[in-house]
Amino acid sequence: MKHTLFITGAAGYVGAMLADQFSKRDDVLKIVALDKEPEPELLRGNSKIIWIMANTSDGSWRAMAAPHKPDIVIHTAWQIREMYGKKKRQWQWNVDGSCAVFDFAFSNDCVEKFVHFSTVSSYGAESTNTLEQRFTESDPFRENEYLYGIEKRVVEGRLKERFHAARKNKNTHVPKVFVVRPAAITGPRGRFMMKERFGLQAALSGKLSRSFIHRLVSFMVSVVPAPPLWLRQFIHEDDVADIIGMFSFKDVDGDYEVFNICPPGKPVLARDMAAAVGKRVLPISPYIVRVAFFIFWHLTRGRIPTSRGGWKFYSFPVAVDGSRITQKYGFSYRFGSLDAFRKTTGRYEYAVSVSERVS
């Protein structure tokens, strides 16, 4: 069977990667790629890509995507960085836009599988979390301050409601649904091909652009400032692609499945991060983090992504157990958390210069 895919957020880090890799498969006929941004260089000239430039929330894309009759829909589109002073617009893009994609998937009988990207952030970074604690898929979402975590929580809830409503209506088409809640995604593509991508990893490892704001941030993180409970988990971009490929192309059982996707083993602690980027740890308190986040959010009008509630995720751990996908489907992660962050091996290793490669 030749598959037709519909991928939202196809100009982003994950969406473009999935479109690129899946287009190389012999069983993929074409990929309808949607994003509000222009087609990225990674996908230009790819004969299997049909580009639609539109926002998921504006509705114009439906008439362009439907005639291609996609049997697999992968929803990665998201405005992750909070837009300063534009919460209403961001809610429209993320929440209303996601619901529009859900409507498309459930109203077109050709769609057999629907894959949705959620997040571990919605579990909530609370001061009561511990370094040893691991959230599982059965734990409730608690985030109510950090907009990214709130929106993802709301959207995942609406997807579940839509699925169960469709199941009750025997005349409604119901695709298989797979929800993934990834840890921080990284790898050579994220670190070396996304030069303007702003994040903790890029800042600490010196991969930011040379703009004034980014140079300022790089100066401030000449050490690794870390509260006592600082913790990160990473998943390699190749593992993410392999997981989504398994859901999309293999005949796996399940009707509505939810998975934390994060490799087993030790998480990355502050001392591990410092050693990986060749810096020393500077112990600080969560209060200092909170004040710094507030100042830089308003001083730079959001150019430094330190929005409300974000300080908690720098101060308190949100660690998850990603073993369910291994127990249910036998999936084996190729990279541990620290290796995913530190090593440069992977499908996009070609983007790494010889001098920067770490095996």
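Which residue in E5 is the bridge partner of His75? I looked this up in the predicted model and found His116.

**Entry 1: the sheet**

I next traced the strands on either side of that bridge. Strand E4, residues 72-75, and strand E5, residues 113-117, pair in the parallel sense, and I recorded four bridges between them. They belong to an open sheet of seven strands, whose order I noted as E3-E2-E1-E4-E5-E6-E11, with parallel pairing. I then looked at the edges, where I found strand E3 (49-53) and strand E11 (256-261); each has a single partner strand, so one side of each is left without a neighbour in the sheet. For the twist, I noted that neighbouring strands are turned by 15 degrees against each other on average, with direction ignored.

I also checked helix H8, residues 237-249, which packs on this sheet. I listed its contacts as strand E1 (3-8), strand E2 (28-35), E4, E5, strand E6 (176-182) and E11. The direction of H8 makes about 155 degrees with that of E5.

**Entry 2: aromatic rings**

I recorded a count of 21 aromatic pairs. One that I examined is Tyr123 with Phe135, a stacked pair at 5.1 Å centre to centre, with 10 degrees between the planes. Both residues lie in the loop between E5 and helix H4 (147-168), and they are 12 residues apart.

Are Tyr123 and Phe135 buried or exposed? Tyr123 counts as buried because its relative accessibility is 0%, under the 20% limit. Phe135 has a relative accessible area of 5%, so I entered Phe135 as buried too.

I found one aromatic cluster made up of Phe178, Phe247, Phe259 and Tyr329.

**Entry 3: charges over rings**

I looked up two cases of a charged end over a ring. The charged end of Arg25 sits over the ring of Phe249, at 3.8 Å from the ring centre. For Lys152, the charged end sits over the ring of Trp78, and I noted 3.9 Å to the centre.

**Entry 4: nonpolar cores**

Which residues touch the most other members of the largest nonpolar core? This core holds 58 residues, and I recorded Phe6, Trp61, Phe114, Leu159, Val177 and Met273 as those residues. I followed Trp61 further: leaving aside residues up to four places away in sequence, Trp61 touches Phe6, Leu34, Ile52, Ala54, Asn55, Thr56, Ala100, Val101 and Phe104.

I also noted a second, separate core of 39 residues, which includes Ile7, Ala33, Leu43 and Phe259. Phe259 had already appeared in my notes as a member of the aromatic cluster.

Methods: Residues numbered from 1 in each chain as written. Predicted model: local features only at pLDDT ≥ 70, side-chain atom pairs only at ≥ 80, totals over all residues. Heavy atoms only, no water. Pairing = 2+ DSSP bridges. Helix = DSSP H or I, 4+ residues; strand = E, 2+ residues; numbered from the N terminus. Axes fitted to C-alpha atoms, helices over the stretch in contact; angles between N-to-C directions. Contact = heavy atoms within 4.5 Å. Phe/Tyr/Trp six-rings, centres within 6.5 Å; stacked < 30°, edge-to-face > 60°. Buried < 20%, exposed > 50% of the residue type's maximum accessible area, 1.4 Å probe, protein only. Lys NZ or Arg CZ within 6 Å of the ring centre and 35° of its normal. Core = buried A, V, L, I, M, F, W, Y, C linked by side-chain atoms within 4.5 Å.
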